[in-house]
Amino acid sequence: MSNNVFFYPSGDGNPKESSPFINSSEMDTGKNMALFEEEMDTSPMVSSLLSGLANYTNLTQGVKEHEEAENNEGGKKKPVQAPRMGTFMGVYLPCLQNIFGVILFLRLTWVVGVGGIMESFIMVVMCCSCTMLTAISMSAIATNGVVPAGGSYYMISRSLGPEFGGAVGLCFYLGTTFAGAMYILGTIEILLTYLFPGMAIFIAQEAREEPAALLNNMRVYGTCVLTCMAIVVFVGVKYVNKFALVFLGCVILSIIAIYAGVIKSAFDPPDFPICLLGNRTLSRKGFDVCAKFIDSGNETVTTKLWALFCSSPFLNATCDTYFSQNNVTEVQGIPGVASGLIRDNLWAGYMQKGIIVEKQGLRSAPNSDALNLDQPYVFSDMTTYFTLLVGIYFPSVTGIMAGSNRSGDLRDAQKSIPIGTIMAIATTSFVYISSVILFGACIEGVVLRDKFGEAVNGNLVVGTLAWPSPWVIVIGSFFSTCGAGLQSLTGAPRLLQAIARDGIVPFLQVFGHGKANGEPTWALLLTACICEIGILIASLDEVAPILSMFFLMCYMFVNLACAVQTLLRTPNWRPRFKYYHWTLSFLGMSLCLSLMFICSWYYALVAMSIAGLIYKYIEYRGAEKEWGDGIRGLSLSAARYALLRLEEGPPHTKNWRPQLLVLVRVDQDQNVVHPQLLSLTSQLKAGKGLTIVGSVVEGTYLENHPQCQRAEESIRRLMEAEKVKGFCKVVISSNTRDGISHLIQSSGLGGLQHNTLLVGWPRNWRQKEDHQTWRNFIELVRETTAAHLALIVSKNVAMFPGNLERFSEGNIDVWWVVHDGGMLMLLPFLLRHHKVWKRCTMRIFTVAQMDDNSIQMKKDLTTFLYHLRINAEVEVVEMHDSDISAYTYEKTLVMEQRSQILKQMHLTKTEREREIQSITDESRGSIRRKNPSNSRLHLSVPEEQVGDCEEKSEEEVQLIHDKNTTGFSESAQSPAEEPDTTQEKVHLTWTKDKCTAEKNSSKCPSTPEAIKDFFNMKPEWENLNQSNVRRMHTAVKLNEVIVKKSHDAKLVLLNMPGPPRNRKGDENYMEFLEVLTEHLDRVMLVRGGGREVITIYS
């Protein structure tokens, strides 16, 4: 046995993956196994494993509950007998019984007559090849482990997953149910047409009304028979199984009688004359003598046939023109196999509905009169063509799953299922192919095309060939169709019960319940109701193509399952049946699909639509199962192939999208601190691209692994609630700094790596107990820059909208200060695809300085956005040179004082208090004069993104500088310019002359003399770092402009300055960002990753 893990239904009806042979509580490890005694709970001894396996294989699959109920009723448990059925009784005969059916006796002769021997031969070979190829694939799957109750459903679901298994399993269930309806209709047709025609309730007054009357009779009697059969199955299913051998005997006896009749016809053909008027076949129902008149003594007397075509029984009566001009002849309906008739029946004779069945090659006088349907001709009851015949015939080759459904009853299932199934298909294929040839060689063509045997006195056509009597075939086929109908009503509910108990289709779970002994009561009721639909259709020829679709779909997926497992070469794929190949499986799958559309293209589409709907329902609403199916293995192979393809190079700019690594923080209970960050992720991603949500748990792996698992579960629940499709990764590290670094370096796989970090702003960075937070944040910015990753920092994340909120109006403002590769353009475009931001208008602001032509800048930017296909309002904001205000100096002073305090946090307690006191005394006067409302800062978001900060000199320190803008620096008053890059074609709004002028412009907002005047006013300003003063001046001025223009915006996006290269000013960097975003509600600070992410080219 190839598997050591099996599925058993649990008490709630949901199957669980468990090991039926492991029982650690009863194990005695012994002294010799003391070394392994601590592992016995999870790793059993080999002896226990083998004992459990032996006990398991002795159980009969699919009848466990039934056996337990019967044993309990007996008062004591009876020992379960080991299965003793061999290949012949366990597989071969059940397959024969299921394959041979109503089509062989009621329709095969008609198929041969209409399609001819050649086309019928091709059709039979196609259908038999389809089932043979399917049997080879099924044998491989069935011998790759034990197949419990459910048969084909179990094989497909465990090979292709619960979605395919449920969809195809339900289709197979519908096919089996409609097969029951077809067998019942066949039973009623034999009963009313050949056994007891007088039992008809609806009797046609005219010949043209006979088809409708027959259908109504079949509906009434079919409903009655269906009710009786359902009651029999409900009350005593064991008796149905006991009579199965009797039904099989009827089938075999009937087939032997046919072959005996063929042999006898070679030297003594049976006497079944048929009457022809010209070349038209006459129905024997209204007359007895095949002649217009006969001699009675010396007098010529007209016959009953004369009365049917003439106005009176006299010789001078007015008769039908065709009747008058043509003679009545009588030919043998069964000339025999030696008659040479095979040449006449070689080719097809398709007919339109309502056309008279005519003998080919026989001349007759033409008839100009209109056709009268009340005349005693044999008419074609339907329009025929090749594809119709395929749909009607195919059900006669189904039933190949009977052996695999009984795998638990077999002595050696691995050997019996392939041999028995393939031998049964070979036998039935031989019978069908030989029957096609022998029917065409023995039976007259007009009799073959006579579906109901009207030309042979209402006898079953195949019965006329049988020996010793037609009644052998009639009675044998009647009982065989009854038995097949009972078995369909027995098997279909159990298949539905197996699907329901798997729990993959929630609304079907009620059908998993039944009687105390496990009989599927509710499933039987549903089966009877669906079967009644087929009964109401009432036509055997209409029902047959329907079930052909469902069976063909099931066989197609059996072949697909075998092909997928073979190509994947999974380690568990070890069938004992070795004579299979993936090409045979694909050929069988292609043949099944072709036959579906050959039979009926619209039925095929309907069946595939039903299967598709069931598949999607199970995918979205069904219970998740892990069965080690091939589709999951196929997904792994496809993922591996795709990842290897991604290794070939980075994506093109047109394919670039933010692949997010979202860093979140969890509290002591392992809950996410800011769930709004995942809401923003969902709005930004819209379900596309890669999303990894990461977090860090401090500690050691051995001690903190449970906390890590709880954190992952918490994050996954939140991701599901916020509809974030992606992955979760929580790492355990000795400190947060290293953990974040590990996430940045190791998240993703191969070419499927994150390219953007989304973090929140550390709003408590000023607090003494969180002094390490801002250091971690700045290091994060530096690491993202070094890794060429984009960074998005959301500030005031608690104010960001949830996925259920809607902005009916408002603006998304983009402050484009430096070119970051297009991230600032792309992010609002992605956000506006989400329903939260859909109604917001995008506005883009850019900054112009004294020497810039703001009008031309606006035109250039408008043209650039037009080529980018982005709709946005454009505004150019002019920032004039101005002196550094006293407020800026005060801000800088407070910042440097705070920086000194932060530096003292590493001193001892006494030293720290002494240092802080001295700093406070020196600057108390300055701080008192400061307006506290102006120095108040508003921020609240956790993490940030970095770009390259390029400093030229202490006098030329720039506020914002991106890695993409190499080759130029910026003024302390104005933001950076866009670079002239040669590697990527980007529309530029800054010319080379402007860049040169900008480089040569003064970097100080005021002259040294003016600064000295300020120092004279406040002596404590003299010691301030002038680089920090200029930086603060830029932050204050830019913040004033942003607040003025975007104070009511729903979201503000702006370039994020990079941290200083030397680490001495790290604490000042945080203050600059606070001042830059002051008085703004929702802010996203953005840094590019060093590459273009948006392009104007198609």
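**A bent helix and a nonpolar surface patch**

Helix α5, which covers residues 108-142, spans only 32 Å between its end C-alpha atoms, whereas a straight helix of 35 residues would span 51 Å at 1.5 Å a residue. In this predicted model, α5 has a kink of about 115°, and that kink is centred on G116. As for its surroundings, 28 of the 35 residues of α5 are buried, so the helix is largely enclosed by the rest of the structure.

The protein chain that holds this helix contains 35 helices and 17 strands, and buried residues make up 54% of its 1098 residues. Among the contacts in the chain with a separation of 6 or more, 80% are accounted for by residues 24 or more positions apart. Towards the outside, the chain exposes about 49700 Å², of which carbon and sulfur atoms supply 55%.

On that surface, a nonpolar patch is formed by L593, F597, W601, Y602, L605 and M608, which together have about 570 Å² of accessible area. Two helices, α21 (582-599) and α22 (601-621), each supply at least two residues of the patch, and the largest share, four residues, comes from α22. An α-helix has 3.6 residues a turn, so residues three or four places apart point the same way.

Within the patch, how exposed is Y602? This residue, found in helix α22, has a relative accessible area of 43%, and it is therefore classed as partly exposed, because that class lies between the limit of under 20% for buried and over 50% for exposed.

Key: Residues are numbered from 1 along each chain as its sequence is written. This is a predicted model: local features need pLDDT of at least 70, side-chain atom pairs count only at pLDDT 80 or more; totals for chains, interfaces and linings use all residues. Side-chain values use heavy atoms; hydrogens and water are left out. Buried means under 20% relative accessible area, exposed over 50%, partly exposed in between (1.4 Å probe, protein chains only). Contact means heavy atoms within 4.5 Å. Accessible areas come from the Shrake-Rupley method with a 1.4 Å probe; for residues, only the protein chains shown count as cover. Patches are made of residues with over 30% relative accessible area and no salt bridge: like charges are joined within 9 Å, nonpolar side chains (Val, Leu, Ile, Met, Phe, Trp, Tyr) within 5 Å. A salt bridge is a side-chain nitrogen of Lys or Arg within 4 Å of a carboxyl oxygen of Asp or Glu. The expected span of a helix is 1.5 Å times one less than its number of residues. The bend at a residue is the angle between axes fitted to the seven residues ending there and the seven starting there.
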